[in-house]
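Trainee: I'm new to this structure and would like a close look at a single part. Could you walk me through the packing of chain A, and then show me how that ties in with what surrounds it?

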Amino acid sequence: MSKDHIPDICVIGSGIAGALAAYKLAAQGSQVVILEAGRYVKPAERMSYLREIQFNNLVNNKHTKAWRSDFRERDIFTNSGSVEYQLNSFRTKVVGGCTQHWGGVAVRYTESDFTLRSNWGIGDDWPIKYSDLEPYYGIAEWEIGVSGNDDNPFSSWRSTPFPMPAFPYSFTDKFFMGPCAKLGIKLHTVPYARNTKFRANRPSCQAFGTCSSLRICPIRAQYSGDIHVEKALATNNVTLKSNSSVLHINTDERGNVISVTFADKNGNQHEQKAKVFILAAHAVESARLLLMSTSSHYPNGLANNSGLVGKYFMEHLHTWARGKISEQLYPYRIGFHTAESHQFTNPDNRDDIGGIKISIQSNAGQKPSNLAKNNPGILGSGLSNYIRDNFGHTASVFAQVEQLPDINNYVGLDDKIKDAFGMPAPCINMNIGEYERNTINKGKAVISSILEAVGVRDIEYKSEIGFDAHHMGTCRMGNDPEKSVVDANLKAHDVNNLYILGSSTFVTGGVTHPTLTIAALSLRAAEHIAKKNMA
Amino acid sequence: MKRRRFLYLSAGSAATLGGLAVAKFIDVRGPLLRLPLTMGALNKQDTRTLSSLCEILLPDIDNQSVQFVETVIKAQCLQRPGYLQGLLLSSNLLNGYSAKHNNQLFISLSLDNKINIVKDILWDRKLFLGSTRLNHAYEKLLISKARRIFYKYAYRNLATIVYDIPIGWKRSVNYNQSPGYPAPDPFGYENSINIG
């Protein structure tokens, strides 16, 4: 691409949403520029990056995960809600986006997740149905490589098989099978975007165990968005600009986007023009960028005639419980859990109690190093024996629950606090409602019954409600421009050449992980963009 | 019997209340050590003295793992304020106790004698089970600063490192990686394994 050439598409954000769209459009001949605020860790550097993290963690006696921000002044944020929301613990800015630090769970939403209002009179309905998205779920599973078995009786119908078989149950998870069956709770395998066999030039999982502990798969058996950035680059139709933070989206007098202003790591500002713009910067930064992009045409922020940009911010909430058990459970031999139950994701009384996803934890209890650190002064072979006797005797169960969309939960701008580029920090206003608290309590009851059934003594509960780093809402989709930000094809209602991709467009959050739905929506939108703009 | 039980209960209650009062009086937030924050290289002899603690923490630890632990503690001295001084004082304490009890350098002692030296320096950290505040008060009042420095910078630090590297996992829980399962059979995690 020459310097003066105006590319067809500018994609802001290189996470799974932006990467898949960029790849699909570039593969069809579009000229694409990807702007990514974070840095690029190349595939060959991943193993040395992992070793560096592991060594630094030993030196610092800490457990710092990969992909933590190396540019804190850029990523400053504030809170205004009743809940302290630690945004930077739940996101990362890097090529590949949040799929660099995700757990890899790639599960579909169910049919009922799209129709909460129609079915129960709560939340809102999506402008699309499961059947509209189902073909794209299949394509998404194929593109990112999902391993799974069709053994979940609580999932919705599927028209295509999983590309790879599921991971077998861990010893821990198998241990829970019998007691759960006695309680009438059905466990099943977990679909993961992680290879169980060599596929698409990526090896099968070698059980490094670092995917959940350090949030990095050094061999890329687990999918991350940079894989599709690289596939996009391989088309020779794509330019990747990393360390490029977009500060403003610029519009012309007709209200169309003409360019974006971005800053490099040194703060030098540049302009990127394009014909069509795709905003895929995650639920917080996408909303923030739209709110910052005011103009005479859009005094309340770009694409914000509805006043709903930033509103209806959602998460998944969680709780867990654990306790000592006499049996040895052999934890920490892989990095992830292998059994879940979606039995409670769609309760009959969903208007009172939300959906709950149960997962058995394959990695519960203290690691040998923690047992050694906290031991009461045992030395010699006694210390090894002490660790052996105490390791692996903790059972833990996790409950993830849905949060309903609430206009009082939102992402706004904090004009008093500026980031490294002088732009207002995002301000998170997060509150937890009675519906969610009731659902958490129900989740506690379910996991308590499971732990009691496997023989846990003295159950210990997580003291506070946790968040699952699943940012959703803020640019919700809908058919009514007064009640939503984007239409069913993810085009901004107010702007002809702006599309918003990612979980920001979710109307409701469902109960399970959002990433596969993000991917399916992106593939669907990319098809629409190609048809409409590239004809 | 009733009278004796009453006396025991009274004495126990008085000791607990007294301990709480002392803890409140001295406003203990934790045993502060206040070491110089200078960073720098740890010399070879002190490094060896400290790494010889590895065999106390994990008997029969191999040389390669000990060398790796040395690399980590050298990096701590270069990167973490307080660690150079903390580890130097710990090395001196080990050699001081060794000279006093065995008239030798710590590194020259047999494993049993090394264990005895470290046992002498350490104390029962669970004296007041369940009360961090009482433990801290007790430690600050009754345990010398040098011994507290040794606990934090040498004993606890090295125990964490030794049991976080592959040899620590292998010897304590019989897994081959830290964490993880050997690559030749990555799905072998579904079976039980002989621990110990």
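Mentor: Here is a walk through chain A, ending with its partner chain.

A word on the ground rules: this is a predicted model, where local features need pLDDT of at least 70, side-chain atom pairs count only at pLDDT 80 or more, and totals for chains, interfaces and linings use all residues. Residues are numbered from 1 along each chain as its sequence is written, while chains are lettered from A and ligands numbered from 1 in the order in which they are written.

Let's start with the domains. Chain A is assigned domain 1 (1–139 + 223–316 + 411–426 + 474–535) and domain 2 (148–190 + 317–401 + 432–467); such bounds come from an automatic or database domain assignment. Taken over C-alpha atoms, the centres of domain 1 and domain 2 of chain A are 31 Å apart. Where they touch, domain 1 of chain A supplies 21 residues and domain 2 of chain A supplies 19. Two residues are in contact if their C-beta atoms, placed from the backbone, lie within 7 Å. On the domain 1 side, helix α4 (residues 130–144) of chain A gives the most, with four residues. Helices here are DSSP runs (H or I, at least four residues), strands are runs of E (at least two), and both are numbered from the N terminus. That side of domain 1 of chain A divides into nine nonpolar, eight polar and four charged residues. For these classes, Ala, Val, Leu, Ile, Met, Phe, Trp, Tyr, Cys and Pro count as nonpolar, Asp, Glu, Lys and Arg as charged, and the others, Gly among them, as polar.

Now for a pair of helices. The axes of α1 (residues 16–27) and α12 (residues 515–533) of chain A come within 8 Å and cross at roughly 35°. An axis is a line fitted to C-alpha atoms, for helices over the stretch in contact, and angles run from 0 to 180 degrees between N-to-C directions. The crossing of α1(A) and α12(A) is right-handed, meaning that the near helix is turned clockwise from the far one by less than a right angle. On α1(A), the residues making this contact include A17(A), L20(A), A21(A) and K24(A); on α12(A), among them are I518(A), S522(A), A526(A) and I529(A). By class, the contact of α1(A) with α12(A) has twelve nonpolar, two polar and one charged residues.

A21(A) turns up again in the largest nonpolar core, which has 144 residues; A21(A) and A22(A) are those with the most contacts inside it. A core of this kind is a set of buried Ala, Val, Leu, Ile, Met, Phe, Trp, Tyr and Cys residues joined through C-beta atoms within 7 Å. Buried residues have 20 or more other C-beta atoms within 10 Å of their own, exposed ones have 12 or fewer, and partly exposed ones fall in between, with C-beta atoms placed from the backbone. Leaving aside neighbours within four places in sequence, A22(A) is in contact with V11(A), V32(A), I34(A), A232(A) and V238(A).

Helix α8 (residues 282–292) of chain A is largely enclosed by the rest of the structure, because ten of its eleven residues are buried. Among those buried residues are H282(A), E285(A), R288(A) and L291(A). They pack against strands including β5 (245–251), β13 (410–418) and β14 (424–429) of chain A.

Two loop residues make a nice pair to look at. T508(A) sits in the loop between β17 and α12 of chain A, and it counts as buried because it has 25 C-beta neighbours inside 10 Å. Leaving aside neighbours within four places in sequence, T508(A) is in contact with D113(A), L116(A), G123(A), D124(A) and P405(A). K65(A) lies in the loop between α2 (46–60) and β3 (78–79) of chain A, and with 17 C-beta neighbours inside 10 Å, K65(A) counts as partly exposed. Not counting residues up to four places away in sequence, K65(A) touches H101(A), L214(A) and R215(A).

Finally, the partner. Chain B has nine helices and zero strands, and buried residues make up 35% of its 196 residues.
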